[in-house]
Amino acid sequence: SGFSKHPGLLHLLFFTFCLIYAITIIGNLLIFMVTVHPSLCMPMYFFLRVLSILDVSTASIIVPKMLVNFLSEDRSISYMGCATQLYSVIFLGATEWYLLAAMAYDRYMAICNPLRYAIIMNSRVCVSLVLLSCCSGNVVSVVQTVWVFSLPFCGPRKINYFFCDIPPLIMLSCTDTSSYEKQIITATVLVIFIPFCLILISYACIISSILRISSAESRHKTFSTCSSHLTVVTLYYASGTLIYLRPKSSNSQDTKKVLALIYTTIIPTLNPLIYSLRNQEVKGVLIKIIAE
């Protein structure tokens, strides 16, 4: 049903999210083009390219269908289409959670072990971390999708959401889902909190190293290389946790829709802005490319 409760806003929402989707595609494409520049061959920029691919993929799975639903009377989605969308969203989301943890580890190695950084964070290690993130995301997605679609759906077939996700789907089940909700909470802890704890540990070590730097200017410069990543982690983990930690809570579905919008459409748009505006190297290469 998406946002059909507000028929007077559908056209405005269509143009708004059309613009957001265009900015997402253009912004992430620019980040990808900038980070393949020979002067940006550090592991951080390799991970940033992968992050851009994940963001574009997430937005492309959700936003085009949502735009069609804004203007169409037929807002249906097939059973297999719904399962595919759920699998894809969970896979990309979980992969990004793990990737953000890998990016935190990269920053830890760059700041706390600068002399060994190039040796430890070689191309094979970087590719392995990305593949491990993807494999972990795939396992999580397969398990969650199979669990959701093993539930009996014998009641209304109206999904009070703008895409197929766990919270609105389990609300359609005509059986007791309390045990399944516990499984989701367990999965949320494993998928979100374990990577988040690894990020916290990495940044605890990073902050400890930064505080030992005598020059205030050097401390500021070093911390600025981490500020973009910290901003994205805060936005991404906060919204994801609020959505999945209580999948069938008494919270308003409209609240969950807003959180899901932030999680799936707004953050992919903000990521290129956050990383480009706060990174002098990215801005410098971008200016060079535009000037050429």
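Colleague: How do you know that Cys-82 and Cys-164 form a disulfide?

Modeller: In this predicted model, the sulfur atoms of Cys-82 and Cys-164 are 2.1 Å apart, and a disulfide is a pair of cysteine sulfur atoms within 2.5 Å, so the pair counts as one. In general, a disulfide is a covalent bond between the sulfur atoms of two cysteines. The link of Cys-82 and Cys-164 is left-handed, with -120 degrees about the S-S bond.

Colleague: Which parts of the chain does the pair link?

Modeller: Distant parts are joined, since Cys-82 lies in helix α3 (residues 79–112) and Cys-164 lies in the loop between α5 and α6 (166–170), with their positions 82 residues apart in the count along the chain.

Colleague: Why is Cys-82 called buried or exposed?

Modeller: Buried means under 20% relative accessible area, and Cys-82 has 6% relative accessibility, so Cys-82 counts as buried. Its partner Cys-164, with a relative accessible area of 2%, is therefore buried by that rule as well.

Colleague: What makes Cys-41 too far for a bond?

Modeller: The closest cysteine sulfur to that of Cys-41 is in Cys-126, at 11 Å, and the limit for a disulfide is within 2.5 Å, so no bond is assigned to Cys-41. With a relative accessible area of 66%, Cys-41 is exposed, because the word is used for values over 50%.

Colleague: And what of Cys-134, why is its sulfur too far for a bond?

Modeller: The sulfur of Cys-134 is 6.9 Å from the closest cysteine sulfur, which belongs to Cys-135, and this is too far for a bond. Cys-134 has 25% relative accessibility and is therefore called partly exposed, a term for values between 20% and 50%. By the distance rule, the count comes to one disulfide.

Colleague: Why are α5 and α7 called roughly antiparallel?

Modeller: Helix α5 (residues 123–149) and helix α7 (residues 178–211) pack at an angle of about 170 degrees, with their axes 11 Å apart, and angles over 145 degrees count as roughly antiparallel, so the two helices are given that name.

Colleague: Which residues meet where α5 contacts α7?

Modeller: On the α5 side they are Val-140, Gln-144, Trp-147 and Val-148, which meet Tyr-180, Gln-183, Ile-184, Ala-187 and Val-191 of α7. By class, this contact has seven nonpolar, two polar and no charged residues.

Colleague: What does the UniProt record annotate as "transmembrane region"?

Modeller: The unreviewed UniProt entry gives that annotation to several spans, including residues 12–34 and 86–105. In the model, residues 12–34 are 100% helix and 0% strand, with end C-alpha atoms 33 Å apart, while residues 86–105 are 100% helix and 0% strand, with end C-alpha atoms 29 Å apart.

How values were computed. Residues are numbered from 1 along each chain as its sequence is written. This is a predicted model: local features need pLDDT of at least 70, side-chain atom pairs count only at pLDDT 80 or more; totals for chains, interfaces and linings use all residues. Side-chain values use heavy atoms; hydrogens and water are left out. Axes are lines fitted to C-alpha atoms, for helices over the stretch in contact, and angles run from 0 to 180 degrees between N-to-C directions. Helices (H or I, at least four residues) and strands (E, at least two) are DSSP runs, numbered from the N terminus. Angles under 35 degrees count as roughly parallel, over 145 as roughly antiparallel, 65 to 115 as roughly perpendicular and the rest as oblique. Contact means heavy atoms within 4.5 Å. Ala, Val, Leu, Ile, Met, Phe, Trp, Tyr, Cys and Pro count as nonpolar, Asp, Glu, Lys and Arg as charged, and the others, Gly among them, as polar. UniProt positions are given in the numbering used here, feature names are shortened, and annotations may be inferred rather than shown by experiment. Buried means under 20% relative accessible area, exposed over 50%, partly exposed in between (1.4 Å probe, protein chains only).
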